[in-house]
Amino acid sequence: MVLLHGLLGDRDSWRCQISHLASHHPDIRVIAYDQRGHGRSDRGCILSNTLGQLARDLDAVIDMTTPTSTMSPVG
């Protein structure tokens, strides 16, 4: 499960939900990260703060945190 915070938030926004999931559903892997320019992430270039870049960042987070051996094609 990937948790995305809203504008002006950070990954700590999900603290209670992550705690609940960890204690009641230990089989669920939870990924929460600070989006570009939020929380403890780097600000980056002002020109890179776009929805498209946030989508590419999310894609990179999923690629880095999802084992490829468990992925199967849908169809």
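Begin by selecting Asp57, which is buried, with a relative accessible area of 16%. The model on display is predicted. Asp57 belongs to helix H2. Leaving aside residues up to four places away in sequence, Asp57 touches Tyr33 and Arg36; display both side chains alongside that of Asp57.

**First stop: Arg36 and Asp57**

Keep Asp57 in view and centre on Arg36. These two residues form a salt bridge, with the closest N and O atoms 2.8 Å apart. Arg36 lies in the loop between S2 and H2 while Asp57 is in helix H2, so the pair ties together parts that are 21 residues apart in sequence. How accessible is Arg36, partly exposed or buried? Its relative accessible area is 24%, and because the buried class is reserved for values under 20%, Arg36 is partly exposed. Asp57, at 16%, is therefore on the buried side of that cut-off.

**Second stop: Arg11 and Asp34**

A search of the whole structure finds two salt bridges. For the one between Arg11 and Asp34, select both residues; the closest N and O atoms are 3.8 Å apart. Arg11 is in the loop between strand S1 (2–3) and helix H1 (15–24), whereas Asp34 is in the loop between strand S2 (31–32) and helix H2 (51–65). The pair thus links distant parts of the chain, 23 residues apart. Colouring by accessibility is useful here: Arg11 counts as partly exposed at 30% relative accessibility, and Asp34 is buried at 11% relative accessible area.

**Third stop: the largest pocket**

Next, select Leu7, Arg36, Gly37, His38 and Asn49. Of the 15 residues that line the largest pocket, these are the closest to its centre. Arg36 therefore appears on this tour twice, as a salt-bridge partner of Asp57 and as a residue of the pocket lining. How much space lies in the largest pocket? The volume is about 270 Å³. When the lining is coloured by residue class, nine residues are polar, four are nonpolar and two are charged.

**Last stop: Leu8**

Finally, move to Leu8, which is found in the loop between S1 and H1. Inspect its backbone: phi is near 70 degrees, a positive value in a residue other than glycine. Most residues other than glycine have a negative phi. Is the residue buried or exposed? With 76% relative accessibility, Leu8 counts as exposed, because that value is over 50%.

Technical notes. Residues numbered from 1 in each chain as written. Predicted model: local features only at pLDDT ≥ 70, side-chain atom pairs only at ≥ 80, totals over all residues. Heavy atoms only, no water. 1 Å grid on protein atoms, 1.4 Å probe; cavity = no way out; pocket = protein on both sides within 12 Å on 5 of 7 lines; lining within 4 Å. Points joined across faces, edges and corners; volume = space filled by probe spheres on them. Nonpolar A, V, L, I, M, F, W, Y, C, P; charged D, E, K, R; others polar. Salt bridge = Lys/Arg side-chain N within 4 Å of Asp/Glu carboxyl O. Helix = DSSP H or I, 4+ residues; strand = E, 2+ residues; numbered from the N terminus. Buried < 20%, exposed > 50% of the residue type's maximum accessible area, 1.4 Å probe, protein only. Contact = heavy atoms within 4.5 Å.
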